[in-house]
Amino acid sequence: LEFIFTILLINYLYAKLYPYDAIEKSYEQLENLIPLIHNLDIKKTLPNTRGYAASPDYLSKINALIKEKKPRLILEAGSGVSTLIAAYSLKKYMDDGRIISLDHNKKYAQKTIDELKKHNLEKYAKVIHAPLKKHTFPISDLYSNYLVWYNIDDVIDEIESIDLFIIDGPPAKNSKNARFPALPIMLDKINKGATIVLDDAKRKNEQETIHLWKKEYDCFDFQYIE
């Protein structure tokens, strides 16, 4: 009876501490992560996929896009576990593809580099520490001519013919609509028919970014994925 009472008490406290919706969402994320690890034959531990890191459902979408689109060059704004999953996906689906990942934070850039080495994925991925800087170029009056984004001056020649553009940075705290500059700055490098993925698209800043993109450019189709 004491054992049964203890179990019931634990269940009660767990339910109080964690709402049912949060528990259900956690199970949904596990249901995405476990098949993904199995599908990509990942033997070593992955970095955290909660908090500020990419969620398993998002990682599964990245994997599915690489499987479908077979991109030769992926550009990623914001490195992390998504860089590893993209590299694993390239390794499985197309051996000659690669991902270049930009990170403004030197510490996190190095962490991703170390993880790629641990997983033996250096062939498929390159992480570049690219501090943020102001970019100047002509756009409409919808936005300022001075936009803060990654400094890619030293690596711009490596970034050619982007087939898949993954945008998960820089953080919103650095400037308003921090992810908006990705398109004006990189537009000339993006292939016709390429796919662009904007993470956190439900947030207010990202919704405004999409609104600005739609006003600025008429060459994209938009699809929201829950």
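This is a short tour of a helix pair, one residue on it, and a pair of strands in a predicted model.

**Stop 1: the helix pair.** Select helix α3, residues 56-69, and helix α4, residues 81-93. Their axes lie 9 Å apart and meet at an angle of about 30°. Angles under 35 degrees count as roughly parallel, and α3 and α4 are therefore roughly parallel to each other. Now check the handedness: the crossing of α3 past α4 is right-handed.

**Stop 2: the contact.** Show side chains on both helices. From α3, pick Y58, L59, I62, N63, I66 and K67. From α4, pick V81, S82, I85, A86, S89, L90 and Y93. These residues make the contact between the two helices. Colour them by character. Nine are nonpolar, three are polar and one is charged.

**Stop 3: S60.** Stay on helix α3 and select S60. Is S60 buried or exposed? Its relative accessibility is 17%. The cut-off for buried is under 20%, so S60 counts as buried at 17%. Which residues does S60 touch, leaving aside neighbours within four places in sequence? Add N32 and L36 to the selection; S60 is in contact with both.

**Stop 4: the strands.** Move to strand β1, residues 73-77, and then to β2. The two strands run parallel, joined by five bridges. To see one pairing, select L75 and I100: I100, in β2, is the bridge partner of L75.

**Stop 5: cover on β2.** Finish with strand β2 alone, residues 98-103. Turn on the surface of the chain. The strand is mostly covered, with five of its six residues buried.

Technical notes:
Residues numbered from 1 in each chain as written. Predicted model: local features only at pLDDT ≥ 70, side-chain atom pairs only at ≥ 80, totals over all residues. Heavy atoms only, no water. Axes fitted to C-alpha atoms, helices over the stretch in contact; angles between N-to-C directions. Helix = DSSP H or I, 4+ residues; strand = E, 2+ residues; numbered from the N terminus. Parallel < 35°, antiparallel > 145°, perpendicular 65-115°, else oblique. Left-handed = near helix turned anticlockwise from the far one by under 90°. Contact = heavy atoms within 4.5 Å. Nonpolar A, V, L, I, M, F, W, Y, C, P; charged D, E, K, R; others polar. Buried < 20%, exposed > 50% of the residue type's maximum accessible area, 1.4 Å probe, protein only. Pairing = 2+ DSSP bridges.
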